[in-house]
Amino acid sequence: MALRKKEKYIFNTHTLSYEKAVVSWTSRILRFFAFMAAALVFSLAISTIYYKFFDSPKDKILKAELSEMKDQYDILNREVERLTSVLDDLHYRDGNIYRVMFEAEPVSDDEWEAGSGGVNKYRNLEKYDNGELMKDIAQKVDKLKRQMVVQSKSYDQVAEMIKNQQHMLASIPSIQPY
């Protein structure tokens, strides 16, 4: 048995009889587009609600990466603090032990801070969402580098003082002259 398309009838009040309903092509096309528009609006509403309450797979990946980066930042920050502590200890020994032994002036605090000025070289980091974290660690690392240069120069001066002290000690007679 072949399926037939259902035919629709409309009751005509003037003739008091049922007549076959004829649907025009424009009416069919308008109904189709109305159905598609309603389906589109409904699907957009559902997807908007879904993404408002649930993260997309890409968002989940990005949040995991961000969390990992923050953990790595914390590890890096602790390492920078540890290195700063070691460098401060070396600075203390340089100023309060080595230079005292050779009666030399310690490195001044202004020199030790090894400041830098001028252009904001961290400007390109400020455009990121977590730019402050990156800027902070970059500043700490740069300060460590500058202080290491100052400390290295100080140790070079101490080494020169040791050479001069050895030369002076070598020129002092071991016995008292007559």
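## Two helices and a hairpin

Asn 77 is buried, with a relative accessible area of 13%. That is a good place to start in this predicted model, since Asn 77 sits in helix H2 and reaches across to another part of the chain. Its side chain makes a polar contact with the side chain of Lys 140, at 2.8 Å. Leaving out residues up to four places away in sequence, Asn 77 touches Ile 137 and Lys 140.

Now for the helices themselves. Here is how H2 and H4 look side by side:

| Helix | Residues | Reach, first C-alpha to last | Expected at 1.5 Å a residue |
|---|---|---|---|
| H2 (57-101) | 45 residues | 65 Å | 66 Å |
| H4 (131-171) | 41 residues | 60 Å | 60 Å |

For H2, the reach is close to the expected value, and the same wording fits H4. Still, H2 has a kink of about 35°, centred on Asp 94. Asp 94 is also one of the buried residues of H2, along with Tyr 73, Asn 77, Val 80, Leu 87, His 91, Gly 95 and Arg 99. What do the buried residues of H2 pack against? They pack against helix H3 (109-113) and helix H4 (131-171). Just past the end of H2, Glu 103 takes a positive phi of about 50°.

Seen from the other side, the buried residues of H4 are Gly 131, Lys 135, Ile 137, Asp 142, Leu 144, Gln 147, Val 150, Gln 151, Ser 154, Val 158 and Met 161. The elements that cover them include H2 and H3. Both Ile 137, a contact of Asn 77, and Leu 144 are on that buried list. Leu 144 touches Val 80, Leu 83, Thr 84 and Leu 87, again not counting residues up to four places away in sequence.

Several of these names come back in the largest nonpolar core. It has 8 residues: Tyr 73, Val 80, Leu 87, Val 107, Trp 112, Ile 137, Leu 144 and Val 150. H2 and H4 each supply at least two residues of this core.

Not every H4 residue is tucked away, though. Val 141 is found in H4, and is it buried, exposed or partly exposed? Val 141 counts as partly exposed because its relative accessible area is 30%, which falls between the 20% and 50% cut-offs. Val 141 also gives a feel for distance: Val 141 and Gln 157 are 16 residues apart in sequence and 24 Å apart in space, C-alpha to C-alpha.

Finally, the hairpin. Strand E1 (9-12) and strand E2 (17-20) have a loop between them, and Leu 16 lies in that loop. The two strands run antiparallel, joined by 4 bridges, and Tyr 9 has Lys 20 in E2 as its bridge partner. The hairpin leaves 4 residues between E1 and E2.

Which residue in the turn has a positive phi? It's Leu 16, at about 55°, even though Leu 16 is not a glycine. That catches the eye because most residues other than glycine have a negative phi. Leu 16 is exposed as well, with a relative accessible area of 62%, whereas Asn 77, where we began, is buried at 13%.

Conventions
Residues are numbered from 1 along each chain as its sequence is written. This is a predicted model: local features need pLDDT of at least 70, side-chain atom pairs count only at pLDDT 80 or more; totals for chains, interfaces and linings use all residues. Side-chain values use heavy atoms; hydrogens and water are left out. The expected span of a helix is 1.5 Å times one less than its number of residues. The bend at a residue is the angle between axes fitted to the seven residues ending there and the seven starting there. Buried means under 20% relative accessible area, exposed over 50%, partly exposed in between (1.4 Å probe, protein chains only). Contact means heavy atoms within 4.5 Å. A polar contact is a pair of N or O atoms within 3.5 Å; within protein, one must be able to donate a hydrogen and the other to accept it, and residues adjacent in sequence count only if both atoms are side-chain atoms. Two strands pair if DSSP finds at least two bridges between them. A nonpolar core is a set of buried Ala, Val, Leu, Ile, Met, Phe, Trp, Tyr and Cys residues joined through side-chain atoms within 4.5 Å.
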